[in-house]
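Biologist: Before we begin, could you take me through the reasoning behind the words you use for this molecule, one label after another?

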Amino acid sequence: MEWVHSILIRSPEIALFLSLAGGYALGKVQFGKFQLGGVAGSLLVAVVISQFGVTIDNGVKTLLFALFIYAVGFESGPGFFRSLGRQSIREIVLAAVLAVTGLATVIVFARLFGLDKGLAAGVAAGALTQSAIIGTASSALAQLDLAAEEIQRLQGNVAVGYAVTYIFGSFGAIIVCVNILPWLMGRSIRDDAMKAEAALLAGAQQYGAGESPAVPDLVGRLFRIDGASGRSIAEIEAAASSPVSVERVKRNGSIIGVEPDLQLQKDDIVLLVGRRGGVLEGSTSLGPEVPASEGMDVVMVSRDISLTSRDFVGRTVGDIMTKTASALKHGIYVTAIKRGGTPVAIVPDARVEAGDVVTVYGSASDVARVAKAAGTPILPSDKTDFVYHGLGIVAGLLVGLLVLRVGDVPLTLGAGGGALLSGLVFGWYRGRNMAIGNLPLPASTLLRDLGLAGFVAAVGLQSGLQAVSTVRENGISLFLIGVVVTLLPMLITMLVGRYVLKYDNTAIFAGALSGSRSANPAFGEILDKAGNSIPTASFAITYALANVFLTLLGPLVVAFA
């Protein structure tokens, strides 16, 4: 196998992508009702490949995770900031419970099995997948009144404990969040994610690519004038029970100009567009329907407009509908209003705000007229705004470099926490200024999937060889202690969340639980199961808290173990 080792040393990226390919293939295999998923599969395959000897630069791991967590934050930014408030107390308590139970479990088992301070801190760092504990514990060990050689030995044991327990620390969190939690709740992550998304959509139906309603609300029909002869276009439009507009008229084989006071004549052919109810009345009020007529088709467009005009911002939907000039709103149909990506019910007393995105339907000229008066049109594009997002990631990485010292304990968000915070802020700002910061869904999906799976694979490739060799040298007991430290605090926290904090949505609960453990691989698997970003808001809150709470465990373990 020397040739395999030679290839992987010369081109370690082969090991990375082989881990992804093999991991996702393994993740599709069903073991009864259990399925690993691509993220956990990539981790296990990477550990196997790491036995051939391969080196992955830390910068690659940091970059991949920053891309993943920035994309997650960007997608969730608008909803995250709306979710802050009293409703976040549960997430704060959940993160605190996990940190306290994690600390207690480490200390109890360290004393039961005679682990020294270094091994105990390493177990905490690996089993709780909080690498920052290595730094805080090492700093705390350096302050002990011990010989330099002993301090160095204890600091080395931190790395040993971390290497042995980190792999299951990542894998075990996936098992708890993706398999055990849905069993406890009695509902799948996917079902509850769809339920929560439906509530956010305020009853609006969301259609996927290639999907459309069999009975659309907006339709167009051709009619041959019979009973409406002598009536003007304005009279016909005003008489309809639902909004309609006459978009084209043909008389004696020729297309003629459409004006409000144009009187229709017998045998004119008109194109009537509008809400289904009003258009269907045409067969009785106008005349018989015509299946087709040359030159009578009109291209209709649907456009998103970001509201910025003072003529509309701050007013209710009903006020806008009744007081807007007929010449401006003629032929325009509002099909949706979204605020920060969340639908707003189109009811008369709904108030529109600056940055709301209104989807309008009509002819190209009508839509252009309204867009000019109401705000900024958002043109569909498959291009990513790399200026915006490049600056966003840079800002996040810079924030991650900041260190706040509480005594001798350094607190920092790190690259991942900084990228998450930056993604949330840049996503929120994009939600209020839709003309900038475009990130198409396929691009965002690639960042999330490749970023997370690549990060997990890099972890397996880096730690797998050392973990296996350390287990051989130190026996299985250290590994098993790590299993307990991984599972017990999460199970206790899960029970507290379910029966004390009263979480009733599996997807939201899973996001909060994974964040409280800084369990990034588990969160990625949760997102995959959910099929949407519902778990992200709760994850973002507990993840930020966990980066602080769990980092503080380093010196506490050193003090009490």
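Modeller: Let us start with Arg187, which has a relative accessible area of 31% and is therefore called partly exposed, since that label covers what lies between under 20% for buried and over 50% for exposed. Please keep in mind that this is a predicted model.

Biologist: What makes Asp192 count as buried?

Modeller: The relative accessibility of Asp192 is 2%, and buried means under 20%, so Asp192 falls in the buried class.

Biologist: How do you know that Arg187 and Asp192 meet in a salt bridge?

Modeller: The N to O distance between their side chains is 2.9 Å, and the definition asks for a side-chain nitrogen of Lys or Arg within 4 Å of a carboxyl oxygen of Asp or Glu, so the pair Arg187 and Asp192 qualifies as a salt bridge. Side chains of opposite charge can pair when their charged atoms come close. In total, the structure holds six salt bridges.

Biologist: Why is the contact of Asp217 with Arg275 called a salt bridge?

Modeller: The closest N and O atoms of Asp217 and Arg275 are 2.4 Å apart, and because the cut-off is within 4 Å, the name applies. Asp217 lies in the loop between α9 and β3, whereas Arg275 belongs to strand β6, so this pair ties together parts that are 58 residues apart in sequence. As for Asp217, a relative accessibility of 42% makes this residue partly exposed.

Biologist: Where do Arg369 and Asp366, which also form a salt bridge, lie?

Modeller: Both residues are in helix α15, three residues apart, which is about one turn of the helix. Their closest N and O atoms are 2.7 Å apart, and that is within 4 Å, so the salt bridge label holds here as well. Arg369 has a relative accessible area of 28% and is partly exposed, while Asp366 has 8% and is buried.

Biologist: Is Val246 buried or exposed, and in which strand is Val246 found?

Modeller: Val246 is found in strand β4, and its relative accessible area is 2%, so, with buried meaning under 20%, Val246 is buried. From C-alpha to C-alpha, Val246 and Ile233 are 6.8 Å apart in space, although 13 residues separate them in sequence.

Biologist: What makes you single out the phi values of Lys502 and Ser518?

Modeller: Lys502 has a phi near 65 degrees, a positive value in a residue other than glycine, and Ser518, also not a glycine, has a positive phi of about 50 degrees. Lys502 sits in the loop between α19 and α20 and, at a relative accessible area of 55%, is exposed, because the cut-off for that word is over 50%. Ser518 lies in the loop between α20 and α21, and at 4% relative accessibility Ser518 counts as buried.

Biologist: Which residues form the nonpolar patch on the surface, and how do you know that Tyr429 is accessible enough to belong to the patch?

Modeller: The patch is formed by Leu421, Val425, Trp428, Tyr429 and Ile436, with about 410 Å² of accessible area together. Tyr429, in helix α17, has a relative accessible area of 40%, and patch residues need over 30%, so Tyr429 passes that test.

How values were computed: Residues are numbered from 1 along each chain as its sequence is written. This is a predicted model: local features need pLDDT of at least 70, side-chain atom pairs count only at pLDDT 80 or more; totals for chains, interfaces and linings use all residues. Side-chain values use heavy atoms; hydrogens and water are left out. Patches are made of residues with over 30% relative accessible area and no salt bridge: like charges are joined within 9 Å, nonpolar side chains (Val, Leu, Ile, Met, Phe, Trp, Tyr) within 5 Å. Accessible areas come from the Shrake-Rupley method with a 1.4 Å probe; for residues, only the protein chains shown count as cover. Helices (H or I, at least four residues) and strands (E, at least two) are DSSP runs, numbered from the N terminus. Buried means under 20% relative accessible area, exposed over 50%, partly exposed in between (1.4 Å probe, protein chains only).
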